[in-house]
Amino acid sequence: MFKLLNQFNHKAEIRESQDEMLVGEIVRAMARQGHPAVAFRAHSDRQAMRFKTIRDPVLHSVWITLDRKTGTGALSQAVLGSKATLRIMAEVKNRMTDPDDVLKMYQTDLANMFKMPALGGIKLNHELNSVYATMTSVIEIQRYVMKGQPGVDALVLLLDASIDKLRDKLAPFKKA
């Protein structure tokens, strides 16, 4: 009887910690791309990580936030799956801002006030010497966790494709 109870508890612990496992896989995937982790912020179901993009000619850093929405209980995981929102925010940092850049910044900010990007859409934001591009998508955690190399490869593809899209949007804002 105790063995059965322990197996049930073990499965519950694994189910509840899948988002933490995915965070570890994200850190590993980004490190393999040459982007070391420099900051972590952890909450009960939301983890944010910042990575320095050392070798990237455009990007200064990337924030990745994983916010778990469903799947902490056996019933919700069976019915809804284990869903999370993956928010990726890339930053371009310019050391100097000229008046033309300030004008572009206000134009972008005005456009953002009337624009709500759909999931997968990219939103630009200026903050003095930084320009941010953000995209959010809903992912199935179980697609990437405890799948071995195919799960890792799928995660690397997702992260690379998302960061490439953000880099393309931010490239015009990068100053030498």
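**Exercise 1. The strand β3**

How many of the residues of strand β3 (residues 61–68) are buried?

*Solution.* Before counting, note that this is a predicted model, in which local features need pLDDT of at least 70 and side-chain atom pairs count only at pLDDT 80 or more, while totals for chains, interfaces and linings use all residues. Residues are numbered from 1 along each chain as its sequence is written, and side-chain values use heavy atoms, with hydrogens and water left out.

Step 1: take buried to mean under 20% relative accessible area, exposed over 50%, and partly exposed in between (1.4 Å probe, protein chains only); strands (E, at least two residues) and helices (H or I, at least four) are DSSP runs, numbered from the N terminus.

Step 2: count along β3, where 8 of its 8 residues turn out to be buried.

Step 3: sort the side chains by direction, with Ser-61, Trp-63, Thr-65 and Asp-67 pointing one way, and Val-62, Ile-64, Leu-66 and Arg-68 pointing the other way.

**Exercise 2. The sheet**

Determine the order of the strands in the sheet, and work out which of them stand at the edges.

*Solution.* Step 1: two strands count as paired if DSSP finds at least two bridges between them. β3 pairs in the antiparallel sense with strand β2 (residues 46–52) over 7 bridges, and Met-49 stands opposite Ile-64 there.

Step 2: on to strand β4 (residues 83–93), which is joined to β3 by 8 bridges and runs antiparallel to it, with Leu-86 of β4 as the bridge partner of Leu-66.

Step 3: continue from β4 to strand β6 (residues 130–140), an antiparallel pair over 11 bridges, in which Met-89 has Thr-134 as its bridge partner and Ala-84 has Ile-139.

Step 4: close with β5 and β6, which are antiparallel over 6 bridges, Ile-122 standing opposite Met-135. Their hairpin has 2 residues between the strands, and Leu-128 takes a positive phi near 50 degrees in it.

Step 5: put together, the open sheet of 6 strands has the order β1-β2-β3-β4-β6-β5, with antiparallel pairing. β1 (37–42) and β5 (122–127) each have a single partner strand and stand at the edges, so one side of each is left without a neighbour in the sheet.

**Exercise 3. The helices α2 and α5**

Describe how helix α2 (residues 18–32) and helix α5 (residues 149–170) meet each other, and how each lies across the sheet.

*Solution.* Step 1: axes are lines fitted to C-alpha atoms, for helices over the stretch in contact, and angles run from 0 to 180 degrees between N-to-C directions. The axes of α2 and α5 come within 10 Å and cross at roughly 65 degrees.

Step 2: with contact meaning heavy atoms within 4.5 Å, the residues involved include Leu-22, Ile-26 and Met-30 of α2, and Leu-155, Leu-159 and Ile-163 of α5.

Step 3: compare each helix with the strands, where α2 lies across β1, β2, β3, β4 and β6 and runs at about 5 degrees to β2, whereas α5 lies across β3, β4, β5 and β6 and runs at about 40 degrees to β4.

**Exercise 4. The whole chain**

Place these parts in the overall pattern of the protein.

*Solution.* Step 1: the secondary structure comes to 5 helices and 6 strands, following the pattern α-α-β-β-β-α-β-α-β-β-α along the sequence.

Step 2: of the 176 residues, 40% count as buried.
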